[in-house]
Amino acid sequence: MKKFLIPILICFCVVKAFSQGGVDPTSGQRVITTAVPFLLIAGDARSAGMGDIGVTTSADAFSQQWNPAKYAFAISKQGVGVTYTPYLSNLVNDIFLGNLTYYNRISERSAVGASLRYFSTGDIELRETADQQPLVVKPNEMLFDLSYSLRLSDRIAMAVAGRYIRSDLKIQASNEDARAASTFAVDVAGYYQSEEIAYNDFDGRWRAGFNISNIGPKLKYDSGGQENNLPTNLALGGGFDFILDEYNKIGTSIEVNKLLVPTPQDFDGDGDIDALDDQEYESISFFSGMFKSFGDAPDGFSEELKEFTWAIGAEYWYQDVFAFRTGYFNESDDKGSRKFLSLGAGFKYTAINIDISYLFSTSKVRSPLEGTLRFGLTFNFGDEYDEY
């Protein structure tokens, strides 16, 4: 069977690279690859406009992906968020990421959240000959998750989330043993938000958060295929809100991330990462791999540091009506080379928020999201809580 939709083939390669793909043991570019990399794509325009920062920003409807513990500090009792993100929009028009999120602050100290994320890789035409009627398949990936957050004190909240993941990328027409792969994962998150503090010329508020996401068993697409690690990720961040007056507020944030996935390496020392090395790599369980990931880089501590990404972002609000955002994301050239600057804006009218963002790649490796406008729509309703 031949796949005649070449851009789709490019898509799979780019998606792999975008979530950290490729191994070159001789050059030191040991890039970590994972299954379902769409889990790492910013699913909402607000975070995307601040350099993919979300673990420590203030609570919003899309906190489910970044840090569900923030829901315990949400201002509105309930919220629904919908986003649409075109993917590889410079090549095709039918690849996208869709996201639907809901949260409910069920009491002053607790909240629940749920989200559905769907990644479509578009239509692929399969045919034996050029004039044959094609068989059209639509590979896709999706997840559904639920979270519960609880305030342990007036300023600290913790949360857990459970997630079902399904990846239907194998094509049964070319492999009868192929099937949709599925697994479960959990998140553990925490969030801190200080009270408003009076300084000399302005008031301020500190924020901090963490999220260990996608902790779960590996994915396997067929009985003879390899097991693929989930993108288990550690996110840590801190931030500060400059409350200049009743009309103007600037929120600043910084965040670091590290995949808790083992580093590919030449286990047998023959100078190449081959099938035998892959077998030993696959034998590492997802749980032990999380701990090994902090000290298994062949070049030692210097290479471990390269496996951390960092991002900085800022958000300016005027009268809680209009927002302007910007951010920068950086990843080592040896570990994926994702580097981009992002811009975003938001508008709030009564209970409706509209957000957009745009990404500019600053790396030799172009981002699949370059030149793409991301849109988000949020509806907030119910009573409001006075958190400040």
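The legends below accompany an overview and several close-up views of a predicted model.

**Figure 1. Overview of the protein chain, with its six helices and 22 strands.** The predicted model comprises a protein chain of 388 residues, of which 51% count as buried. Among the contacts in the chain with a separation of 6 or more, 60% are accounted for by residues 24 or more positions apart. The accessible surface of the protein chain amounts to about 17,300 Å², and carbon and sulfur atoms hold 59% of that surface.

**Figure 2. Close-up of the largest cavity, with a volume of about 430 Å³.** Of the 27 residues that line this cavity, Leu39, Leu40, Trp66, Asn233 and Asn257 are the closest to its centre. The lining draws at least two residues from each of helix H3 (63–66), strand S13 (203–215), strand S16 (233–243) and strand S17 (248–259), and S17 gives the most, with four residues. Sorted by class, the lining of the largest cavity holds nine nonpolar, eight polar and 10 charged residues. A search of the whole structure finds three cavities of 30 Å³ or more, and the second largest of them is the subject of the next view.

**Figure 3. Close-up of the second largest cavity, which holds about 50 Å³ of space.** The lining of the second largest cavity is formed by Gly216, Asn229, Leu230, Thr232, Leu260, Val261, Pro262, Phe286, Gly289 and Met290. In terms of class, six residues of this lining are nonpolar and four are polar, while no charged residue takes part.

**Figure 4. Close-up of threonine 183 in strand S11 (residues 181–193).** Threonine 183 counts as buried because its relative accessibility is 5%, and the cut-off for burial is under 20% relative accessible area. A polar atom of the threonine 183 side chain lies 3.2 Å from the backbone oxygen of proline 217. When neighbours within four places in sequence are left aside, threonine 183 is in contact with Arg163, Tyr164, Ile165, Pro217, Lys218, Leu219 and Leu230. Tyrosine 164 stands 19 residues from threonine 183 along the chain, and the C-alpha atoms of these two residues are separated by 6.1 Å. Leu230, one of the contacts of threonine 183, is also among the residues that line the second largest cavity.

**Figure 5. Close-up of asparagine 353 in strand S21.** The side chains of asparagine 353 and asparagine 380 are joined by a polar contact of 3.4 Å. Asparagine 353 has a relative accessibility of 13% and therefore counts as buried. Apart from neighbours within four places in sequence, the residues in contact with asparagine 353 are Trp317, Phe347, Lys348, Gly376, Leu377, Thr378 and Asn380.

**Figure 6. Close-up of isoleucine 250 in strand S17.** With a relative accessibility of 29%, isoleucine 250 counts as partly exposed, a class that lies between the cut-offs of under 20% for buried and over 50% for exposed. Setting aside neighbours within four places in sequence, isoleucine 250 is in contact with Phe240, Asp241, Phe242, Leu244, Glu315 and Tyr316. Isoleucine 250 and phenylalanine 324 are 74 residues apart along the chain, and their C-alpha atoms are separated by 9.5 Å.

**Figure 7. Close-up of two residues, valine 36 and threonine 350, that have a positive phi without being glycine.** Valine 36, in the loop between strand S3 (29–30) and helix H2 (45–48), has a phi of about 35 degrees. The relative accessible area of valine 36 is 1%, so this residue is buried. Threonine 350, in the loop between strand S20 (339–349) and strand S21 (352–361), has a phi near 50 degrees. The relative accessibility of threonine 350 is 60%, so this residue counts as exposed.

**Figure 8. Close-up of aspartate 266 in the loop between S17 and helix H4 (275–282).** Aspartate 266 counts as partly exposed because its relative accessibility is 23%. Proline 298 is 32 residues from aspartate 266 in sequence, and the two residues are 8.7 Å apart in space, C-alpha to C-alpha.

Terms used: Residues numbered from 1 in each chain as written. Predicted model: local features only at pLDDT ≥ 70, side-chain atom pairs only at ≥ 80, totals over all residues. Heavy atoms only, no water. 1 Å grid on protein atoms, 1.4 Å probe; cavity = no way out; pocket = protein on both sides within 12 Å on 5 of 7 lines; lining within 4 Å. Points joined across faces, edges and corners; volume = space filled by probe spheres on them. Nonpolar A, V, L, I, M, F, W, Y, C, P; charged D, E, K, R; others polar. Buried < 20%, exposed > 50% of the residue type's maximum accessible area, 1.4 Å probe, protein only. Contact = heavy atoms within 4.5 Å. Areas by Shrake-Rupley, 256 points an atom, 1.4 Å probe, with all protein chains shown as cover. Polar contact = N/O pair within 3.5 Å; in protein donor to acceptor, adjacent residues only side chain to side chain.
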